[in-house]
Amino acid sequence: MDHGTTGITFGILSDDGDQIESFKIGREETKAGLVSAIEELSKRVNIDDIKLMAITYGMGDGINSILPITKVKNGGILSIEGAGRITGGGTSVYDEIKESNIPTVLIPGLHKDSPSLDPLFRAAYSHQASSEKVSISYNAYLATKWKNMIVADISSNSVNILIENGKIRGAIDACLGAIGVVHGPIDLEMIRNIDEKKCTANEAFSTAGAVKIAKIDSKVAYVKDILLDKYKSGDSSAKLAIDTMVFTVAMEIMGLIAIANEKIEGIILTGSFGSMKNPIDFENEINKYLRNSLLKNDFEIVVLPSTSGAFGSSEIAKDIYNGKKDILGIEVDF
């Protein structure tokens, strides 16, 4: 399971590791009790046949290893505050899974208490990435077999993860660097607005993405479609918003390449925008920056579908069930 900003996505694997199906349910729907995650899952697979489920939830900053859900307190998070748009839908799904009889492990996020990460990243940033980024990275690792790469997840958030020697070294979160559709870095103007009590820090973070530039104020589940509709209609602010997103993501990727200890084999693009081909070919747009760099033709770019987080979680579950005790440097306590 991938607990994303706009919805919760499930990926189902066979015993052989084949992708059977994925499906997504909206956070607003689960919050309102209109959809049951377990009921939706049972339409596609016999619940009793599930050997292990791996899920992500929130920031994942309350744990630093992969743990059985029964051993986790407070959903594996330190606080629900300051973590982006809050609907309650993800909590409903988490509680439903915890109360079921499905054997489940919870994946941690990347943060200052993650012993597997580079001490420099941990010292610089209290939080680097929420837990679904681990799932996305594992899916990318299995798909490419690369040990040294950058995984760029561009969606409601934009988060870039540096993997070296088959382990996650560190990442740059949406509140620090590149803008996403919804979230983005808190800059000087926003700090002033927060100090003047015009908004909270979380409100600033949750409106600092492309939505700020394109002047979109709507529920998080709808903003992507609104942005794309404005873009297709020729709206200049929507074009500027998307161009800026590409620009900041490219800048962040280049920064990670610059501090990498190993030669980067390739870059993974994923997420609802990172995997997009129409009306924006994100790979082509970001290539305009990356291919013009000093590292021209030195790396490959691979695009993975936006379901990479959900299937990455199921791949983690499969490998843990089969005895794996380490996922990209993160300890498994199962």
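**Exercise 1. Locate Met 251 in the secondary structure, and then state which nonpolar surface patch Met 251 helps to make.**

Step 1. Met 251 is found in helix α10, which covers residues 236-259; helices (H or I, at least four residues) and strands (E, at least two) are DSSP runs, numbered from the N terminus.

Step 2. Together with Phe 247 and Tyr 289, Met 251 makes a nonpolar surface patch of about 310 Å². Patches are made of residues with over 30% relative accessible area and no salt bridge, where like charges are joined within 9 Å and nonpolar side chains (Val, Leu, Ile, Met, Phe, Trp, Tyr) within 5 Å. Accessible areas come from the Shrake-Rupley method with a 1.4 Å probe, and for residues only the protein chains shown count as cover.

Step 3. A note on the model: it is predicted, so that local features need pLDDT of at least 70 and side-chain atom pairs count only at pLDDT 80 or more, whereas totals for chains, interfaces and linings use all residues. Residues are numbered from 1 along each chain as its sequence is written, and side-chain values use heavy atoms, with hydrogens and water left out.

**Exercise 2. Decide how far strand β10 (residues 158-164) is enclosed, and describe how β10 pairs with β9 and with β11.**

Step 1. Because 7 of the 7 residues of β10 are buried (under 20% relative accessible area, with exposed meaning over 50% and partly exposed in between), the strand is largely enclosed by the rest of the structure. Ser 158, Asn 160, Leu 162 and Glu 164 point one way, while Val 159, Ile 161 and Ile 163 point the other way.

Step 2. Strand β9 (residues 149-154) runs antiparallel to β10 and is joined to it by 6 bridges, two strands being paired if DSSP finds at least two bridges between them. Met 149 stands opposite Ile 163, and a hairpin joins the two strands through 3 residues.

Step 3. Strand β11 (residues 167-172) is also antiparallel to β10, with 5 bridges, and Lys 167 in β11 is the bridge partner of Glu 164. The hairpin of β10 and β11 has 2 residues between the strands, and Asn 165 there takes a positive phi near 55 degrees.

**Exercise 3. Explain what the salt bridge between Asp 15 and Lys 51 ties together.**

Step 1. The closest N and O atoms of Asp 15 and Lys 51 are 3.3 Å apart, where a salt bridge is a side-chain nitrogen of Lys or Arg within 4 Å of a carboxyl oxygen of Asp or Glu.

Step 2. Asp 15 lies in the loop between β2 (7-13) and β3 (19-26) and Lys 51 in the loop between α2 (37-42) and β4 (53-55), so the pair ties together parts that are 36 residues apart in sequence.

Note on methods. Buried < 20%, exposed > 50% of the residue type's maximum accessible area, 1.4 Å probe, protein only.
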